[in-house]
Amino acid sequence: MESGIFFSDYRSDMALRRMPLQKVRTGLLLVGLVVFPLLANPYWLNLANQIAIATIGAIGLNILVGYTGQISLGQGAFMAVGAYGSGLLTVRLDVPFYLSIPAAAVITAVAGLVVGLPSLRLKGLYLAVATLAAQQIVEFVVTHWDGLTGGTEALVVPAPELFGARMNTDGRFYWILVVVALAVALFAANLFRSRVGRAWVAIRDQDIAASAIGVNVFGYKLLAFATSSFLVGLSGALLAHYRSIVTWERFTIEVSISYLAMIIIGGLGTISGSFFGATLIVLLPAMINTLGRSLQDTAPWAATVLPYVQQGVFGLVIILFLVLEPEGLAKLWRNVKDYFRVWPFSY
Amino acid sequence: MNSDVFLQLTVSGLSNGMVYALVAVGFVVIFKASDVINFAQGEFLLFGAYLAFAFIGQFGFPWSVGVLATLLGAAMIGLIVERLVLRPLIGEPVISMIMVTIGLSSLLRAVVNGIWGARPKAFPNFIPSGEVEFLGAVVGIDRLLVIAIAAILLTILTLFFRHTRDGIAMRAIADDQQAALSMGISIKRVLAVAWAMAAITAAVAGIILANTVGVSHDIIFIGLRVFPVVILGGLDSVPGAIVGGGVIGLLESYTAGYTTSGLELVVPYIVLILVLMIRPYGLFGKEIIERV
């Protein structure tokens with residue numbers, strides 16, 4: 001029970017995790033993250049790495065869509081900029097991966113600024129369509145600028161090395177990803193307690209009112225685009241070095257859509273939601289795949305319809321969440337927490 | 001010789017453009033009635049094409065019956081989608097509306113794939129193909145017919161908005177939902193009609209595409225091509241959709257004809273961005289002025 005907890009100094013009142021239970025949960029999470037790779041097989045490690053990369057990307061998108069209210073269908077394009085940026089820096093200029101990844105994130109932030117420029121005049125649907133166009137144009141440039149990206153050929157990135165050890169195994173890259181993902185989550189969680197984060201939320205809720213109380217709407221929108229694409233580019237760059245191969249098929253409009261699905265299903269404007277959504281969207285096809293394989297003996301036709309089932313379930317999950325629980329998994333998680341916090345005396 | 005090529009490109013561009021216009025009109029109808037952008041319009045097209053394939057190709061109906069059955073089936077799907085998916089979301093923010101139609105597109109695609117498989121199908125063409133001399137250049141009959149069919153349909157639709165009860169109700173709702181409600185217009189009914197109409201126009205376009213380019217999954221991409229069309233014409237304007245369709249179709253055709261390296265894939269989107277920067281409401285859209 002949490003009744004009767006009072007803070008006697010500002011420090012503990014303003015802490016990110018204030019309640020004892022929150023601290024326990026955070027501790028459990030950290031321990032779980034450390035213990036996980038010791039117990040998991042490569043298949044699960046691979047999934048965990050995908051989830052970590054997706055979480056970073058989803059937090060980035062959530063900054064733009066969930067917190068600032070600027071709908072973007074250009075996630076795939078930004079990831080492509082990050083992945084190709086980092087990959088090309090490593091391949092062409094021999095920049096080590098720990099420098100090329102942040103450099104690529106900065107490049108993507110600049111690209112985000114450019115794509116964010118139309119937000120001066122556009123909002124809502126129109127901005128969504130503009131980012132859709134940006135997505136298509138970036139896809140076209142990536143597949144047709146043979147001299148830079150190699151066109152439709154895959155770009156092979158040399159294995160990242162740290163202190164002479166190859167890092168792109170599932171087990172080793174896990175640590176890089178976990179550290180980066182935690183740092184990103186911490187950064188984002190603190191960001192929304194700051195002046196910038198509150199300005200973004202004000203713009204999302206009512207841009208005219210935000211402007212009236214002195215928020216520089218256009219400036220903060222651009223900042224949101226830059227910050228968001230920095231993180232998205234980061235996740236794209238990490239993906240490039242994790243997979244050691246960059247192909248344009250990984251960054252199509254489908255990717256933009258699945259990231260939007262992550263933050264919708266997880267919960268718009270929540271950090272934990274980005275993680276939940278990323279987890280669900282990564283695990284869902286994997287689980288259906290496993291299910292299909294286990295059915296292989298009894299129902300051999302299952303394998304042929306598997307991709308369609310994945311696609312259909314993906315669509316169905318989006319629709320069901322929007323119709324039944326528009327605030328997403330984060331809200332469900334909150335409900336569970338609220339239930340147990342006051343249990344068994346709910347009034 | 002040069003003018004021949006130009007004329008051929010014009011005819012093929014216009015016929016593509018008219019198909020775009022048909023799809024775009026369905027888009028505009030939904031947007032006018034409910035402010036929803038329908039990302040599943042491409043899948044409606046796909047459904048129309050595959051339904052026609054099922055009725056005419058698989059069940060062996062004569063084409064006139066098959067087309068009617070396809071249109072009926074499409075209308076049913078439009079109504080079901082509106083009732084089950086869109087109606088619970090009336091009044092939700094833009095992002096929810098966008099995402100729900102995206103989810104819908106994924107679901108519809110999976111259903112089509114699951115029923116008919118992913119391989120392209122041979123469609124029993126009933127629009128006569130062949131070539132005729134037209135203004136001194138050799139062009140396909142089917143191209144000319146497509147332009148004619150689309151022109152007739154689009155005229156009917158324009159008349160529908162001008163003169164029928166439902167058409168006027170739709171315009172009233174687009175203008176002001178509350179005022180329309182207080183005049184006794186049933187928004188639910190009008191929304192249902194709008195979705196059925198969108199599915200039907202998409203099905204017509206689907207049948208045309210089945211005849212001209214075949215039944216396959218590439219049809220979906222036409223759904224994305226519609227965005228430049230509707231933005232250029234104005235999201236809430238039926239004549240805009242027609243003009244936009246024509247312009248984008250021609251532009252693509254000329255770019256494909258006179259340049260190399262697939263530039264026509266990206267030119268519509270460049271136009272889209274330019275239009276958004278200069279006239280966000282498009283050529284004929286309702287101008288909404290809001291200053292911050």
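In which hand does α6(A) cross α11(B), left or right? The tour reaches that crossing after a survey of each chain; the model throughout is a predicted one.

**Stop 1: chain A as a whole**

Select chain A and colour it by secondary structure. Chain A contains 15 helices and 4 strands. Its C-alpha atoms occupy a box of roughly 65 × 60 × 45 Å along the principal axes. The radius of gyration of chain A is 21 Å, in agreement with the value near 20 Å expected for a compact globule of 347 residues. Of those 347 residues, 44% are buried. When contacts in chain A between residues at least 6 apart in sequence are considered, 76% of them link residues at least 24 apart.

**Stop 2: α3 and α13 within chain A**

Next, select residues 42–67 and 271–294 of chain A, which are helices α3 and α13. Their axes come within 8 Å and cross at roughly 135°. An angle that is neither under 35 degrees, nor over 145, nor from 65 to 115 counts as oblique, and α3(A) and α13(A) are therefore oblique to each other. Their crossing is right-handed. Display side chains for the residues in contact: α3(A) contributes L47(A), Q50(A), I51(A), A54(A), T55(A), A58(A), I59(A) and N62(A). From α13(A), the participants include I271(A), F275(A), G277(A), I281(A), L283(A) and A286(A). This contact of α3(A) with α13(A) comprises 12 nonpolar and 6 polar residues, with no charged residues.

**Stop 3: chain B as a whole**

Hide chain A and select chain B. It has 11 helices and 2 strands. Followed from the N terminus, the order of its elements is α-α-α-α-β-β-α-α-α-α-α-α-α. The C-alpha trace of chain B spans about 60 × 50 × 35 Å along its principal axes. For its 292 residues, a compact globule would have a radius of gyration near 19 Å, and chain B agrees with this at 19 Å. Buried residues account for 51% of chain B. Among contacts in chain B with a separation of 6 or more, 75% are between residues 24 or more positions apart.

**Stop 4: T70 in chain B**

Centre the view on T70(B), which lies in helix α3 (residues 63–86) of chain B. Is T70(B) buried or exposed? A residue counts as buried when 20 or more other C-beta atoms lie within 10 Å of its own; T70(B) has 28 and is therefore buried. Leaving aside residues up to four places away in sequence, T70(B) touches G48(B), L51(B), A52(B), F55(B), A203(B) and I207(B). Select G48(B) with it: the two are 22 residues apart in sequence, yet their C-alpha atoms are 6.5 Å apart in space.

**Stop 5: where the chains meet**

Show both chains again. The contact draws 36 residues from chain A and 35 residues from chain B. On the side of chain A, the elements that give two or more residues are α6 (125–144), α10 (207–212), α12 (253–266) and α14 (302–324). The residues on this side of chain A are 27 nonpolar, 7 polar and 2 charged.

**Stop 6: α6 of chain A against α11 of chain B**

Finally, select α6(A) together with residues 267–278 of chain B, helix α11. The two axes come within 9 Å and cross at roughly 145°. The opening question is answered here: the crossing is left-handed. Y126(A), V129(A), A130(A), A133(A), Q136(A) and I137(A) of α6(A) meet Y269(B), I270(B), L272(B), I273(B) and L276(B) of α11(B). By class, this contact has 10 nonpolar residues, 1 polar residue and no charged residues.

Note on methods: Residues are numbered from 1 along each chain as its sequence is written. Chains are lettered from A and ligands numbered from 1 in the order in which they are written. This is a predicted model: local features need pLDDT of at least 70, side-chain atom pairs count only at pLDDT 80 or more; totals for chains, interfaces and linings use all residues. Two residues are in contact if their C-beta atoms, placed from the backbone, lie within 7 Å. Ala, Val, Leu, Ile, Met, Phe, Trp, Tyr, Cys and Pro count as nonpolar, Asp, Glu, Lys and Arg as charged, and the others, Gly among them, as polar. Axes are lines fitted to C-alpha atoms, for helices over the stretch in contact, and angles run from 0 to 180 degrees between N-to-C directions. A crossing is left-handed if the near helix is turned anticlockwise from the far one by less than a right angle, and right-handed if clockwise. The radius of gyration is taken over C-alpha atoms; the globule rule is 2.2 Å times the number of residues to the power 0.38. A residue is buried if 20 or more other C-beta atoms lie within 10 Å of its own, exposed if 12 or fewer, and partly exposed in between; C-beta atoms are placed from the backbone.
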